[in-house]
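Got your viewer open? Let's take a walk through this model, one selection at a time.

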Amino acid sequence: MKKVLIISTSLKPNANSEILAHETERGAKDAGHNVEFVTLKDKDIKFCKGCLACQKLGKCVIDDDANIITEKMKNADVIIWATPVYYYEMSGQMKVVIDRANSLFCSDYNFREIYLITTSADSSNAVVQTVINGVNA
């Protein structure tokens, strides 16, 4: 059994990416995994300041919901991101959470598997690849 963290990044009610994330949650639970679902709706998440203090402190100096999400990421075995594609890239709020999770870079995090769920009006493979490139950068 794995600890699975699903992070839904759309702020839109009934978003397609969130619907798919909930279906993924159902499948992971049916497979016997311990699943936690986090949505960024109504979360207080500020922009990264780029100070890199998090790499020494083990957490961001900004005290908001990003630190709570980052701790959940650190302890998960699997992270699943769900994002709508805006202008051929992940949602801005997803990028901010990734930036704010910079403290994980120097830590002993558990996850070794990361999955990406995307939804887009454009069905070409190039769209998904741009988001993958953004996550890999």
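Start with the stretch where seven bridges join β3 to β4, two strands that run parallel. (Helices, H or I of at least four residues, and strands, E of at least two, are DSSP runs numbered from the N terminus; two strands pair if DSSP finds at least two bridges between them.) Pick V78 and look across to E113, which stands opposite in β4.

A quick word on what you're looking at: this is a predicted model, where local features need pLDDT of at least 70 and side-chain atom pairs count only at pLDDT 80 or more, while totals for chains, interfaces and linings use all residues. Residues are numbered from 1 along each chain as its sequence is written, and side-chain values use heavy atoms, with hydrogens and water left out.

**Stop 1: strand β3**

Now select 78–84, which is β3. Is this strand buried or exposed? Seven of its seven residues are buried, so β3 is largely enclosed by the rest of the structure. (Buried means under 20% relative accessible area, exposed over 50%, and partly exposed in between, with a 1.4 Å probe and protein chains only.) Show the side chains: V78, I80, A82 and P84 point one way, whereas I79, W81 and T83 point the other.

Next, add residues 3–8, strand β1, which runs parallel to β3 and is joined to it by five bridges. Two spots to click: V4 has V78 as its bridge partner, and L5 stands opposite I79.

**Stop 2: the whole sheet**

Turn on every strand. In what order do they line up? Four strands make an open sheet in the order β2-β1-β3-β4, with parallel pairing. At the edges you'll find β2 (34–39) and β4, each of which pairs on one side only. Neighbouring strands are turned by 15 degrees against each other on average, direction ignored. (Axes are lines fitted to C-alpha atoms, for helices over the stretch in contact, and angles run from 0 to 180 degrees between N-to-C directions.)

**Stop 3: the helices**

Select 65–75 to see helix α3, which lies across β1, β2 and β3 and runs at about 145 degrees to β1.

Then jump to 16–30, helix α1: its 15 residues reach 21 Å from first C-alpha to last, close to the 21 Å expected at 1.5 Å a residue. (That expected span is 1.5 Å times one less than the number of residues.) Colour S17, E18, A21, E25 and A28, the buried residues of α1. They cover an arc of only 90 degrees around the axis, which puts them on the same side of the helix. (The arc is that of the directions from the helix axis to the C-beta atoms.) What do they pack against? The answer is β1, β2, β3 and β4. Spin round to the other side of α1 and you'll meet N16 and D30, both exposed. Just after α1, click G32, which takes a positive phi of about 95 degrees.

**Stop 4: two last clicks**

Zoom in on T119, in strand β4 (residues 113–119). It counts as buried because its relative accessibility is 16%. Leaving out residues up to four places away in sequence, T119 touches N16, S17, L20, T83, P84 and V85. (Contact means heavy atoms within 4.5 Å.)

Finally, find the structure's one aromatic pair. The rings of Y109 and F111 have centres 4.4 Å apart and planes at 20 degrees, so the pair is stacked. (Rings of Phe, Tyr and Trp, the last by its six-membered ring, pair if their centres lie within 6.5 Å; planes under 30 degrees apart count as stacked, over 60 as edge-to-face and the rest as tilted.) Y109 is partly exposed at 27% relative accessibility, while F111 is buried at 11%.

Conventions:
Arc of directions from axis to C-beta.
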